[in-house]
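Dear colleague,

Please find below the structure that I am handing over to you. My notes on its salt bridges and overall make-up follow directly after it.

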Amino acid sequence: MFQLQWTLFGLLLWPIVSTVGDTRSHGAGRKMSTLLSFDLRRKTKHHHERNVTISPTTPAPTTNNAEEEEVEFSLRSTSYAYVIELDLGTPPQRLEFLIDTGSSNMAIAGPRCRDEMEHKCEIETYYYPEKSSTSENQHTPIETEYGKGAWSGNIYRDVVAFPGDGPRTTAEFAVISHEKDFFLRNSINEGILGLAYKSLATDEVQPLYDQLVQDNKVPNVFSLGLCNGMGKIWLDFPESSEYHGPLHYTGIDQETWYSVTMTGIDVAGNSLGLLPPSFSSAIVDSGTTDILLQPEIYEAVIAELKTRGPPVDERFWNSYCVDTDPYQWPYLTIYLKDMIGGSFGLTILGKHYVRRQDEFHCLSIGVKRSGAVLGEVVMEGNVVVFDRANQRIGFAPSNISHAEAGPCGNPIRVNNTVKGRLHKYCRADEMPQETCFMECNSCVKNGGIWCPKGHVVVWINGVRSALSTKRGFCWPGGLFTLDATKVQTFLTGHGSAEFQAHCDSLVPMYKQCSVEGIWILLLGGFVFFILCSSFLYFTCRAGTKIQPADKRRSPSISDKSLTSQDGFLSSR
């Protein structure tokens, strides 16, 4: 396991506010503690308040939507980091950058990149300025320190282009020559792309997105859709087909980070009992994994989770990854102030804040001494629109679907209960087709196993429902067993769900719906086995009680002497 070391904040030499609890960094690293759990360090960054006056709303560039095409690019993710490919230089060098809305600088590893031990940086691909005919060394040193990790290098200027027919411009960025705990083993990115405001940038270097806006290559808005290890970025508003329902907007408090106002948190629909003034501003940050909360709010959330969540190893609450089912954890609702004085809620499902790491799951909720951070945990399952032109951020449930994991969108309305028989939900993604059959004959005919007596439990957003199984149900299975008793899917109008099937019948009707055929054969074989076993048992038991007719014993010395004498007399 490797400790993820990218901890991103965009400030140079600002005081670092320490964070406690579930934190980790952008690079790598897990420390094994036992065979059943391990310590977890998540990527996070330290944010510090800056007094910045918000300038009047900047109008968006005038565009003709009928002629303007959506600029969409794919993201990929491993180890909790979403990255995008960009081309640098002439001819282009394809490199991967971590998408970070919590910092502003763009930086890339150069061929002379060394760690604090003067070892070569542990990545596979580098940016080679000497191989680019358009590269210009600005001979300006730059360095940035993070919560865990730092780098230094020089500022270069070169062509930066999005893949394919994407926009391109000439921009300034850092070429890293030295780093400390920044690139570790198994890092999937060679650089970082900060998307926050210029006021946050080290040495006020012009951020790439600001340069694109200035060159009229893109509007002053971009959008992210993060989904179970893959995602999308739009250099514009997303198409309406990419999300469900309307976009709900909240205002940006200051033009540094994307800072918004929280007004409350619920756990499974239950309020923490804290008034809105208890909640501070929160930074929407794709470069941090977790939800980070102030101590008072964090403790209240953890107390509710301990009450409403499933039983779990106590080390789970101390940054360890353990064996638990994320579908049984209750949903969270984070409320943000809207643009008209009210508020709206963001739903965070258990499968997002109880994150899978190898064969274990880890809690992605941590504590921060001041302020709050809404990291990937909150953004996953939503489309998030960073409308910089109008100083607002929009949220809507995502309509993006992962090829393997299925839909990742959060529910539009939280509806946690279902009822009826199993067949009502058989058309959902990943549900076995056998569950569509309501009686034994059709079930067996279509390859299923009929369970005349059992129960089916459905977990939705951490809430348990039981389906009706009085008349039995059909499920895939083998000889006397059910296959894959847990099936994870997505129910329209509900969100992520997990079906759990249990057959309580002593003998499920394997391929038969009456006592005939194989059942007669099995029953006859069973009776024959009992008879044979009984016969052998009683036969062996009786044999142990019978004594031999002529008991033999070892002759004594006197017997041997007598026998010798008798033999002598006889011979005479």
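Glu 380 forms a salt bridge with Arg 355 in this predicted model, a salt bridge being a side-chain nitrogen of Lys or Arg within 4 Å of a carboxyl oxygen of Asp or Glu. The closest N and O atoms of the pair are 3.1 Å apart. Glu 380 lies in the loop between α4 (376-379) and β27, and Arg 355 in strand β23 (residues 354-357), so the pair ties together parts that are 25 residues apart in sequence. Helices (H or I, at least four residues) and strands (E, at least two) are DSSP runs, numbered from the N terminus. Both Glu 380 and Arg 355 are buried; buried means under 20% relative accessible area, exposed over 50%, and partly exposed in between, with a 1.4 Å probe and protein chains only.

A second pair consists of Asp 210 and Arg 388, with 3.0 Å between the closest N and O atoms of their salt bridge. Asp 210 belongs to helix α1 (residues 208-214), while Arg 388 sits in the loop between β27 (382-387) and β28 (392-397), so this salt bridge ties together parts that are 178 residues apart in sequence. Asp 210 is buried, at a relative accessible area of 17%, and Arg 388 is buried as well, at 4%.

In a third salt bridge, Arg 392 is paired with Asp 387, and their closest N and O atoms are 2.7 Å apart. Here Arg 392 is partly exposed, with a relative accessible area of 23%, whereas Asp 387 is buried, with a value of 1%. Elsewhere, Glu 72, Lys 232 and Glu 242 are joined into one network by salt bridges that share partners. A search of the whole structure finds 12 salt bridges. As background, side chains of opposite charge can pair when their charged atoms come close.

Turning to the protein as a whole, there are 7 helices and 38 strands. Of its 572 residues, 53% are buried. Among contacts (heavy atoms within 4.5 Å) with a separation of 6 or more, 69% are between residues 24 or more positions apart.

Two notes on method may help you. Residues are numbered from 1 along each chain as its sequence is written, and side-chain values use heavy atoms, leaving out hydrogens and water. Because the model is predicted, local features need pLDDT of at least 70 and side-chain atom pairs count only at pLDDT 80 or more, while totals for chains, interfaces and linings use all residues.

Yours sincerely
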